[in-house]
Amino acid sequence: MADKGPNPFVVDIEKATLDNEAFRDTLWTGKNLQLTVMTIPVGGEIGAEIHDDHDQFLRLEEGELRAQIGPSEDDLEIDEVIKADWAAFVPAGKWHNFVNESDAPAKLYSIYSPPCLLYTSDAADDSLRVD
């Protein structure tokens, strides 16, 4: 799906998330936030990262993920499995990763505020990172 921002946009977010087959696809980017949908394959992960000045909200629609959040990879405040209908909040400056250790793909959507990532549907293409 093409990024519909910054125009007004309404979406059945559950359907868009569950229908998404791409690792990451940006649905909407505005001045103050960005919405992406993701499918994390079995054995896959979002990838360890820190957003110095961006908060992130993630909601898992289907599957399970190990949520890891803390000051560093070796100092986790959260390290637990989350399931469908759970949400995770990642404050700016926190190290985080979400890993699919289950036997089924995980489907989620994520909101970044302010927008910090310009991603394509290509999981390997992080060259567009602007944070």
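Phe57, Phe89 and Tyr109 are linked by ring pairs into a cluster. The model is a predicted one, and two aromatic pairs are found in it. One of these is formed by Phe57 and Tyr109, whose ring centres are 6.1 Å apart and whose planes make an angle of 50°, a tilted arrangement. This pair connects distant parts of the chain: Phe57 belongs to strand β4 (residues 55–62) and Tyr109 to strand β9 (residues 106–113), with the two positions 52 residues apart. Tyr109 has a relative accessibility of 12%, so Tyr109 counts as buried. Phe89, another member of the cluster, lies along β7 and is not buried.

**The chain as a whole**

The chain contains one helix and nine strands. Read from the N terminus, the elements follow the order α-β-β-β-β-β-β-β-β-β. The chain has 131 residues, and 40% of them are buried. Among contacts in the chain with a separation of 6 or more, 66% are between residues 24 or more positions apart. The exposed area of the chain is about 6900 Å², of which carbon and sulfur atoms supply 52%.

**The sheet**

An open sheet is built from five strands, arranged in the order β1-β2-β9-β4-β7 with antiparallel pairing. Why is one side of β1 and of β7 left without a neighbour in the sheet? β1 (24–29) and β7 (87–90) stand at the edges and each has a single partner strand, so one side of each has no neighbour there. From one strand to the next, the twist averages 20°.

At one edge, β1 runs antiparallel to β2 (residues 34–40), and five bridges join the two. Within this pairing, Thr36 in β2 is the residue opposite Thr26.

The pairing of β4 with β7 is also antiparallel, with four bridges. Here Arg59 has Ala87 in β7 as its bridge partner. Which side chains of β7 are buried, and which are not? The side chains alternate along the strand: Ala88 and Val90 point to one face and are buried, whereas Ala87 and Phe89 point to the other face and are not. Ala87, the bridge partner of Arg59, is therefore on the β7 face whose residues named here are not buried, given that buried means under 20% relative accessible area.

**A loop position**

Gly43 is located in the loop between β2 and β3 (49–50). With a relative accessibility of 61%, Gly43 counts as exposed. Gly43 and Ala104 are separated by 61 residues in sequence, and their C-alpha atoms are 9.1 Å apart in space.

**Salt bridges**

Side chains of opposite charge can pair when their charged atoms come close. Eight salt bridges are found in a search of the whole structure. The table gives the closest N and O distance for some of them, including two that involve Arg66.

| Salt bridge | Closest N and O atoms |
|---|---|
| Asp79 and Arg66 | 3.1 Å |
| Arg66 and Glu101 | 3.0 Å |
| Glu77 and Lys94 | 3.1 Å |

Asp79 forms a salt bridge with Arg66. This pair links distant parts of the chain, with Asp79 in strand β6 (residues 78–83) and Arg66 in strand β5 (residues 64–70), 13 residues apart. Asp79 counts as partly exposed because its relative accessibility is 41%. Arg66 also counts as partly exposed, at 22% relative accessibility.

Arg66 forms a salt bridge with Glu101 as well. That pair too links distant parts of the chain: Arg66 is in strand β5 and Glu101 is in the loop between β8 (95–99) and β9, 35 residues apart. Is Glu101 buried or exposed? At 53% relative accessibility, Glu101 counts as exposed.

Glu77 and Lys94 form a further salt bridge. Both partners lie in loops, Glu77 in the one between β5 and β6 and Lys94 in the one between β7 and β8, and they are 17 residues apart. Glu77 has a relative accessibility of 52%, so Glu77 counts as exposed. Elsewhere, Arg59, Glu61 and Asp85 are joined into one network by salt bridges that share partners. Arg59 thus appears in this network and in the bridges to β7, where Ala87 is its partner.

Conventions. Residues numbered from 1 in each chain as written. Predicted model: local features only at pLDDT ≥ 70, side-chain atom pairs only at ≥ 80, totals over all residues. Heavy atoms only, no water. Pairing = 2+ DSSP bridges. Axes fitted to C-alpha atoms, helices over the stretch in contact; angles between N-to-C directions. Phe/Tyr/Trp six-rings, centres within 6.5 Å; stacked < 30°, edge-to-face > 60°. Buried < 20%, exposed > 50% of the residue type's maximum accessible area, 1.4 Å probe, protein only. Contact = heavy atoms within 4.5 Å. Areas by Shrake-Rupley, 256 points an atom, 1.4 Å probe, with all protein chains shown as cover. Salt bridge = Lys/Arg side-chain N within 4 Å of Asp/Glu carboxyl O.
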